[in-house]
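Here is a short briefing on side-chain contacts and surface features. Look over the sequence and the structure, then read on.

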Amino acid sequence: MTENITDYELVIRPKYGFLDINWQELKEYRELLFFLALRELKIRYKQTIMGASWALLQPFFTMIVFTLIFGRLAKMPSEGIPYPIFSYSGLLLWTYFSNALSQSSNSLVTNANLLSKVYMPRIFIPTAPCLAGIVDYTIALSILALMMLYYRFVPNITIVLLPVIVLMTFLLASGIGYWLSSICVKYRDVIFVLPFFIQLLMFLSPVIYPANIAGKNLQFLLYLNPLTGIINAHRACILGYTSVDFVGLGISAVLTIVIFVSGILYLKHTEKYFADLV
């Protein structure tokens, strides 16, 4: 908790309540979040020959590999649309989510010097990679636009849901990132478990297959993964080939809010020992 006593004195006091979140402080430091996100982008593409082009190349080449393996060899169904655009529309959102989650979960440990020497709202450190990832997502969206022109897909009015879906993905990646980054400060096992967790989560999400491939009983379990409703809605609202499943999207929204809010509370509860452990 910070308090301005005079124009030249700032008092920083510890927080005691589990729900003691200083929203005024977050508002006052909001510019710092912007500069942390900008720093993430600069560090990511520093001394790279291709620069921001990697944001395009990563999902594009993954789409080619998936099309050859799952589309051509495994004959994976794709709800009647060409498999390249089906897989890319899922990979686009998945790539943003997985990169944001991976970088957010390690952020408190990798920013140990910043964490122990400078006072700031700790929550900004795992939030910044998730915010910076939206820039990569926007760049990679241009490839999908070209594919839609090639395959003659025209979005309908539900395209207005796209910012909401990206916001939900941001909240979900941030919420899980708050949990894992806080745990990682104390238990570095997260660094080793995280790649396996992300890889497993991709196959539990409808990135390379449609959600209706599962039976009715298994579909209920599939929708317990909040990414299921989000990826389905993302694909439907952009390509406009089918109506958006608002029931599935609503389930994902509830789960996302629960994960995001509980992640904030857990990070705020544990941040008091961050500087001693990193």
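The charged end of which residue sits over the ring of Y273? K186 does, 5.7 Å from the ring centre. The model is predicted. The points below cover charges over rings, aromatic pairs, salt bridges, a surface patch and cysteines.

**Charges over rings**

- K186 places its charged end over the ring of Y273. The distance to the ring centre is 5.7 Å.
- R235 lies over the face of F86. Here the distance to the ring centre is 3.7 Å.

**Aromatic pairs**

- A search of the whole structure gives eleven aromatic pairs.
- F34 and F35 form one of them, with an edge-to-face arrangement. Their ring centres are 5.3 Å apart, and the planes meet at 70°. The pair counts as edge-to-face because its planes are 70° apart, and the class takes angles over 60 degrees.
- F34 is exposed, at 51% relative accessible area. F35 is partly exposed, at 48%. The two labels differ because exposed means over 50%, with F34 at 51% and F35 at 48%.
- Y178 and F260 form a tilted pair. The centres are 5.8 Å apart, with 45° between the planes.
- Y178 belongs to helix α7 (residues 162-186) and F260 to helix α11 (residues 246-270). The pair therefore ties together parts that are 82 residues apart in sequence.
- Y178 is buried, with a relative accessible area of 3%.

**Salt bridges**

- The structure holds two salt bridges.
- One joins the side chains of R44 and D136, at 2.3 Å from N to O. R44 is in helix α2 (residues 30-45), and D136 is in helix α6 (residues 124-151). This bridge links distant parts of the chain, 92 residues apart.
- Is each partner buried or partly exposed? R44 is partly exposed, with a relative accessible area of 22%. D136 is buried, at 13%. The labels follow from the cut-off, because buried means under 20%.
- The other bridge joins K268 and E271. Its N to O distance is 3.3 Å.
- K268 is buried, at 13% relative accessibility. E271 is buried too, at 12%.

**Nonpolar surface patch**

- Which residues make the nonpolar surface patch of about 570 Å²? They are F61, I64, V65, L68, I69 and L73.
- I69 is found in helix α3 (residues 54-73).
- I69 is partly exposed, with 41% relative accessibility. I69 can therefore count towards a patch, as its 41% passes the requirement of over 30%.

**Cysteines**

- How many disulfides does the structure hold? The count is zero.
- Why is C130 unbonded? The closest cysteine sulfur, in C184, is 14 Å from that of C130, so the two are too far apart for a bond. A disulfide needs sulfur atoms within 2.5 Å.
- C184 is likewise in no disulfide. Its nearest cysteine sulfur is that of C130, 14 Å away.
- C130 is buried, at 0% relative accessibility. C184 is also buried, at 0%.

Definitions and conventions: Residues numbered from 1 in each chain as written. Predicted model: local features only at pLDDT ≥ 70, side-chain atom pairs only at ≥ 80, totals over all residues. Heavy atoms only, no water. Phe/Tyr/Trp six-rings, centres within 6.5 Å; stacked < 30°, edge-to-face > 60°. Buried < 20%, exposed > 50% of the residue type's maximum accessible area, 1.4 Å probe, protein only. Helix = DSSP H or I, 4+ residues; strand = E, 2+ residues; numbered from the N terminus. Lys NZ or Arg CZ within 6 Å of the ring centre and 35° of its normal. Salt bridge = Lys/Arg side-chain N within 4 Å of Asp/Glu carboxyl O. Patch = residues over 30% accessible without salt bridge, like charges linked within 9 Å, V, L, I, M, F, W, Y side chains within 5 Å. Areas by Shrake-Rupley, 256 points an atom, 1.4 Å probe, with all protein chains shown as cover.
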